[in-house]
Amino acid sequence: MSKLRGKRAIVTGAGNGIGHSIAAVFVENGASVLAVDCSREDLAARFAATDAVSTLVADVTASDAPAKIVNAAVERLGGIDILVNNAGIVVAGQFETLTDEQFDTIMDVNVRAMFRLSRDAVEYLKQSGCGRIINLGSIMSDLAGPALSIYGTSKHAVAGLTKGMAVDLGAYGITVNYLQPGSIVTRMSEPFMDDPVFKQYWEDKAPIGRLGQPEEVAAAALFLASEDAQFVSGVGFNVDGGAIVKF
């Protein structure tokens, strides 16, 4: 349990779900973590008794968010080795009912915030010598789903952004990859899971025959953040129980 001993990580959207699980497994493996979330209550509930975690309340879409987050990591952790861009939202609706405001909102959170924070963190990731950026995509980075056209667009953009970053940043020893979770049981997915037809569809879609858990996505993030993945970059890493390959 020491794959990340001495590493310093930022995890956004860390107040619950996948982000919380990633922060927790990083700490279990020796990292110090700056956990960022827009909910002060979630951060306090999740990390109050964890000395290895420093918390920061921030809206990742705010104009000053990248500088605020990076400066906090440098001041509190002493630098940055790993950045996990996990913060994200979903907007569902039939295509013809969607609004410009909904499009802008989801792209701001899921893509633009990721781009801006990564850009500001690069200076310190270069200094690390073994920097890691892990972006949260989705199997919707490759597929499309009913009533998820904007969400799917944002996750396709995550895939493209990650690949471009991997090409540009590899010269500095920085790897950049994106996780592609399938149907994972989180607070964000709860409203969808309340629909028994939706839930059954995704259970049947995965050859493994069940929904995923946040801890299973966190295990993949741990691999990508570790030295074991030092020659892995520009990759979409599926954590979906095989759903993406099942017709």
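These legends go with a set of close-up views of a predicted model.

**View 1. Strand β6, covered on both sides.**
Here we look at strand β6, which spans residues 175-181. It is a well-hidden piece of the chain: seven of its seven residues are buried. In a regular strand, side chains alternate between the two faces of the sheet. On one side of β6 sit T175, N177, L179 and P181, and on the other V176, Y178 and Q180, and all of these are buried. So if you were hoping to spot a bare face on β6, both are covered.

**View 2. β5 alongside β6.**
Next comes the pairing between β6 and strand β5, residues 132-136. The two strands run in the parallel sense, and five bridges hold the pairing together. For a handy landmark, find N135 and look across to β6, where Y178 stands opposite. Y178 belongs to the buried set on β6, on the side that also has V176 and Q180.

**View 3. β1 and β2 side by side.**
This view shows another parallel pair, β1 and β2, joined by five bridges. To get your bearings, start at I10, whose bridge partner in β2 is L34. How much of strand β2 (residues 32-37) is buried? Five of its six residues are, so the strand is largely enclosed by the rest of the structure.

**View 4. K3 and D228, a link between distant parts of the chain.**
The structure holds seven salt bridges, and this view picks out the one where the side chains of D228 and K3 meet, at 2.8 Å from N to O. What makes the pair fun to trace is how far apart its partners are along the chain: D228 is in the loop between α8 (214-225) and β7 (236-239), while K3 is in the segment before β1 (8-12), 225 residues apart. K3 is partly exposed, with a relative accessible area of 44%.

**View 5. K7, E227 and R132, a small charge network.**
Here is another long-range contact, a salt bridge between E227 and K7 whose closest N and O atoms are 4.0 Å apart. E227 is in the loop between α8 and β7 and K7 is in the segment before β1, so the pair ties together parts that are 220 residues apart in sequence. The two partners differ in cover: E227 is partly exposed at 36% relative accessibility, whereas K7 is buried at 18%. Add R132 to the picture and you have a network of salt bridges linking K7, R132 and E227.

**View 6. K199 and E203, a pair within one helix.**
How far apart are E203 and K199 in helix α7 (residues 196-205)? They are four residues apart, so about one helical turn separates them. They form a salt bridge, with the closest N and O atoms 2.7 Å apart. Side chains of opposite charge can pair when their charged atoms come close. In this pair E203 is buried, with a relative accessible area of 18%, and K199 is partly exposed, at 31%.

**View 7. A negative patch on the surface.**
D100, E101, D104 and D108 form a negative patch on the surface. E101 lies in helix α4, which covers residues 100-128. Is E101 buried or exposed? It is exposed, because its relative accessible area of 56% is over the 50% cut-off.

**View 8. Three residues of the loop between β5 and α5.**
The last view tours the loop between β5 and α5 (149-169), stopping at A144, S141 and A147. A144 is exposed, at 73% relative accessibility. C130 is 14 residues from A144 along the chain, yet their C-alpha atoms are separated by 34 Å. S141 is another story: with 4% relative accessibility, this residue counts as buried. From S141 to A23 is 118 residues in sequence and 23 Å in space, C-alpha to C-alpha. A147 is worth a backbone check, with a positive phi of about 65° although it is not a glycine. Most residues other than glycine have a negative phi. As for cover, A147 is partly exposed, with a relative accessible area of 23%.

Notes: Residues are numbered from 1 along each chain as its sequence is written. This is a predicted model: local features need pLDDT of at least 70, side-chain atom pairs count only at pLDDT 80 or more; totals for chains, interfaces and linings use all residues. Side-chain values use heavy atoms; hydrogens and water are left out. Patches are made of residues with over 30% relative accessible area and no salt bridge: like charges are joined within 9 Å, nonpolar side chains (Val, Leu, Ile, Met, Phe, Trp, Tyr) within 5 Å. Accessible areas come from the Shrake-Rupley method with a 1.4 Å probe; for residues, only the protein chains shown count as cover. Lys and Arg count as positive and Asp and Glu as negative; His and the chain ends are not counted. The place of a charge is taken as NZ of Lys, CZ of Arg, CG of Asp or CD of Glu. Buried means under 20% relative accessible area, exposed over 50%, partly exposed in between (1.4 Å probe, protein chains only). Two strands pair if DSSP finds at least two bridges between them.
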